[in-house]
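Notebook open, structure loaded. I want to jot down what I look up, one entry at a time.

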Amino acid sequence: NINIFHVEAATADFREAVAVHPKSRKASAALSRRCLQFVLRERGGATKRDLADQIAEVLPSLPYQLALNVDAIRQVGNFAAHPLKSTSTGEIVEVTDEESEWLLDVLEELFEYYYVAPARAAARLENLNTKLKEMGKPPTKAP
């Protein structure tokens, strides 16, 4: 039930975020946030409008470590999307290389969780059911 146009647009955003990363951490982080919103809406079931609210909405359904990372990148994304000043120095807080790479890594983890792992599991189940059918056995059903 996923609109393929939207998936292609999110994929393009991710590729562009990777491509621009060496030249602009801020642009990469902004594209990553946009891609994150798509994944949370389309696969995570988020219905809220704001990314922070979407993250809060989806966190309980994610594995613990992935939830920690997704929640943390909400803060990193804020550095890129909104100028925030340090309370100790008064300077604008910029996105670091490590933080923008983290955004990309977490997106890859979400792709694995929402897209790759379910497709891999479905293919394995299909292969098993083909073998069971050849042996005259009933198919295994997904829980």
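Entry 1, Y113. I looked for Y113 and found it in helix α5, which covers residues 97–134. This is a predicted model, so I treat everything below as computed. Is Y113 buried or exposed? Neither: its relative accessibility is 31%, which lies between the 20% and 50% cut-offs, so I put Y113 down as partly exposed. Leaving out residues up to four places away in sequence, I listed what Y113 touches: S61, L62, P63, L66 and P118. I also checked L62 by C-alpha: it sits 51 residues from Y113 along the chain, and the two atoms are 8.8 Å apart.

Entry 2, aromatics. I searched the whole structure for aromatic pairs and got three. I took the pair of Y113 and Y114 and noted ring centres 5.0 Å apart with planes at 70°. Over 60 degrees counts as edge-to-face, so that is what I call this pair. Y114 has a relative accessible area of 8%, so I logged Y114 as buried, whereas its partner Y113 is partly exposed. I also wrote down one aromatic cluster, made of F14, F111 and Y115.

Entry 3, the overall layout. I stepped back and counted five helices and zero strands in the protein. Along the sequence the pattern reads α-α-α-α-α. The protein has 143 residues, and 31% of them count as buried. For contacts with a separation of 6 or more, I noted that 51% come from residues 24 or more positions apart.

Entry 4, α2 against α5. How do the axes of α2 and α5 cross? I found them coming within 9 Å, with a crossing angle of roughly 20°. Angles under 35 degrees count as roughly parallel, and therefore I describe α2 and α5 that way. Their crossing is left-handed. On the α2 side I listed R25, S28, A29, S32, C35, L36, F38 and V39 as making the contact. On the α5 side the list is D97, S100, L103, L104, L107, L110, F111, Y114 and Y115. Sorted by class, the residues of this contact come to 12 nonpolar, three polar and two charged. I see Y114 again here, on the α5 side, and recall that Y114 is buried. F111 and Y115 are in this contact too, and both belong to the aromatic cluster with F14.

Entry 5, F38. I picked F38 out of the α2 list and confirmed that it is in helix α2. Its relative accessibility is 7%, so F38 goes down as buried. I then checked F38 against A10: they are 28 residues apart in sequence, with 6.6 Å from C-alpha to C-alpha.

Entry 6, α2 against α3. Last, I looked at helix α2 (residues 25–42) and helix α3 (residues 51–58), whose axes come within 10 Å and cross at roughly 40°. That angle makes α2 oblique to α3. The crossing is left-handed. Which residues of α2 and α3 make the contact? I have R33, L36, Q37, L40 and R41 from α2, and L51, Q54, I55 and V58 from α3. By class I get five nonpolar, two polar and two charged residues. L36 caught my eye: it is in this contact and also in the contact of α2 with α5.

Methods
Residues numbered from 1 in each chain as written. Predicted model: local features only at pLDDT ≥ 70, side-chain atom pairs only at ≥ 80, totals over all residues. Heavy atoms only, no water. Axes fitted to C-alpha atoms, helices over the stretch in contact; angles between N-to-C directions. Helix = DSSP H or I, 4+ residues; strand = E, 2+ residues; numbered from the N terminus. Parallel < 35°, antiparallel > 145°, perpendicular 65-115°, else oblique. Left-handed = near helix turned anticlockwise from the far one by under 90°. Contact = heavy atoms within 4.5 Å. Nonpolar A, V, L, I, M, F, W, Y, C, P; charged D, E, K, R; others polar. Phe/Tyr/Trp six-rings, centres within 6.5 Å; stacked < 30°, edge-to-face > 60°. Buried < 20%, exposed > 50% of the residue type's maximum accessible area, 1.4 Å probe, protein only.
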